[in-house]
Amino acid sequence: MGNPFKVMLWSYLMVLFTAVVAVFAPTYDSLYTMWTIAIFVILLIMPIVMVIRFSSNKKKAYGLTMIYQWYASFLLFTFPLLKVFKEEVFYQLLLVCLFLSMYFLARLDQRTEVPIVFPDKDRDIAKVKTWIAYMYYVIPVLITFLGVGGDHIRIRILFEIYGDEVMMPYFSILIYLLSCWLLFFFSSMAYKSHVLERYLEK
């Protein structure tokens with residue numbers, strides 16, 4: 001993985017990118033801008049807190065910081081859709097709960113005999129080939145297809161044809177679904193390396 005401190009610093013670029021998306025998509029909202037700034041400030045303070053907490057293991061401190069950077073980035077990706085439902089508190093709470101459930105479902109999945117993400121090599125690989133596993137790995141491909149592969153020319157054409165009122169919510173939903181998928185994936189990876197394999201303890 002290289003120098004964990006340098007990797008952690010580079011990871012802030014990922015957070016900055018998602019922060020820009022959170023602030024400006026689909027529209028600017030001062031409340032969500034304040035939340036975005038608050039999250040970023042917490043991430044800036046976190047390495048200091050982690051180094052103090054794990055003074056004898058700085059690698060673990062930086063590793064945990066990177067994990068929280070990922071989680072924060074995925075959370076920021078949910079903001080565009082939350083803005084779409086800014087007048088509907090019930091739907092906002094539902095979306096937040098669904099997003100957070102991915103974190104716990106990933107850990108539950110890793111405690112099963114054959115998890116969807118990163119099954120052990122000594123287990124029967126055929127067991128992994130269930131309809132749930134297939135559906136999970138198809139999701140990012142489907143999102144990419146529905147998002148026209150991120151082609152800005154095609155996206156602009158779609159906006160011209162259907163207008164902002166249709167396309168902004170549409171792409172916000174795609175970003176939200178991708179954030180849920182990524183949270184499940186990286187939560188599984190973090191749980192497996194940190195808890196099951198004790199990577200950060202070594």
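**Figure 1. From the N terminus on, this chain runs α-α-α-α-α-α-α-α.** What you're looking at is a predicted model. Counting up its secondary structure gives 8 helices and 0 strands. The chain has 202 residues, and 41% of them are buried. Take the contacts between residues at least 6 apart in sequence: 69% of those join residues at least 24 apart. On the outside, the chain exposes about 12400 Å², with carbon and sulfur atoms supplying 72% of that area.

**Figure 2. Here's how confident the predictor is along the chain.** The average pLDDT is 83, and 88% of the residues score at least 70. Which helix has the highest confidence, and which the lowest? The top spot goes to α4, with a mean of 93, while α1 sits at the bottom with 84. Keep one rule in mind as you zoom in: where pLDDT is low, the predicted coordinates shouldn't be read in detail.

**Figure 3. This close-up goes inside the largest nonpolar core, a set of 39 residues.** Four of its residues, F74, L76, F79 and Y136, touch the most other members. The helices that each give two or more residues to this core are α1 (4-24), α2 (30-53), α3 (58-76), α4 (79-84), α5 (89-110), α6 (131-146) and α8 (164-196). Which of them gives the largest share? That's α8, which puts in 9 residues. There's also another core, apart from this one, made of 6 residues, including I143, I155, M167 and L174.

**Figure 4. Now zoom in on F79 and the residues it touches.** Leave out anything up to four places away in sequence, and F79 touches A22, Y32, W35, T36 and I39. F79 belongs to α4, which spans 79-84. Y32 and W35, like T36 and I39, fall within the stretch of α2 (30-53), while A22 falls within α1 (4-24).

**Figure 5. The last view follows α2, a helix of 24 residues.** From its first C-alpha to its last, α2 reaches 34 Å, close to the 34 Å expected at 1.5 Å a residue. Where does α2 kink? Look at I45, shortly before the proline P47, for a kink of about 35 degrees. The buried residues of α2 are Y32, T33, T36, I39, F40, L43, M46, P47 and M50. Many such spacings make sense once you know the helix rule: there are 3.6 residues a turn, so residues three or four places apart point the same way. What covers the buried residues of α2 includes α1, α3, α4 and α5.

Note on methods
Residues numbered from 1 in each chain as written. Predicted model: local features only at pLDDT ≥ 70, side-chain atom pairs only at ≥ 80, totals over all residues. Heavy atoms only, no water. Helix = DSSP H or I, 4+ residues; strand = E, 2+ residues; numbered from the N terminus. Buried < 20%, exposed > 50% of the residue type's maximum accessible area, 1.4 Å probe, protein only. Contact = heavy atoms within 4.5 Å. Areas by Shrake-Rupley, 256 points an atom, 1.4 Å probe, with all protein chains shown as cover. Core = buried A, V, L, I, M, F, W, Y, C linked by side-chain atoms within 4.5 Å. pLDDT = per-residue confidence, 0-100. Expected span 1.5 Å × (residues − 1). Bend = angle between axes of the 7 residues up to and from the residue.
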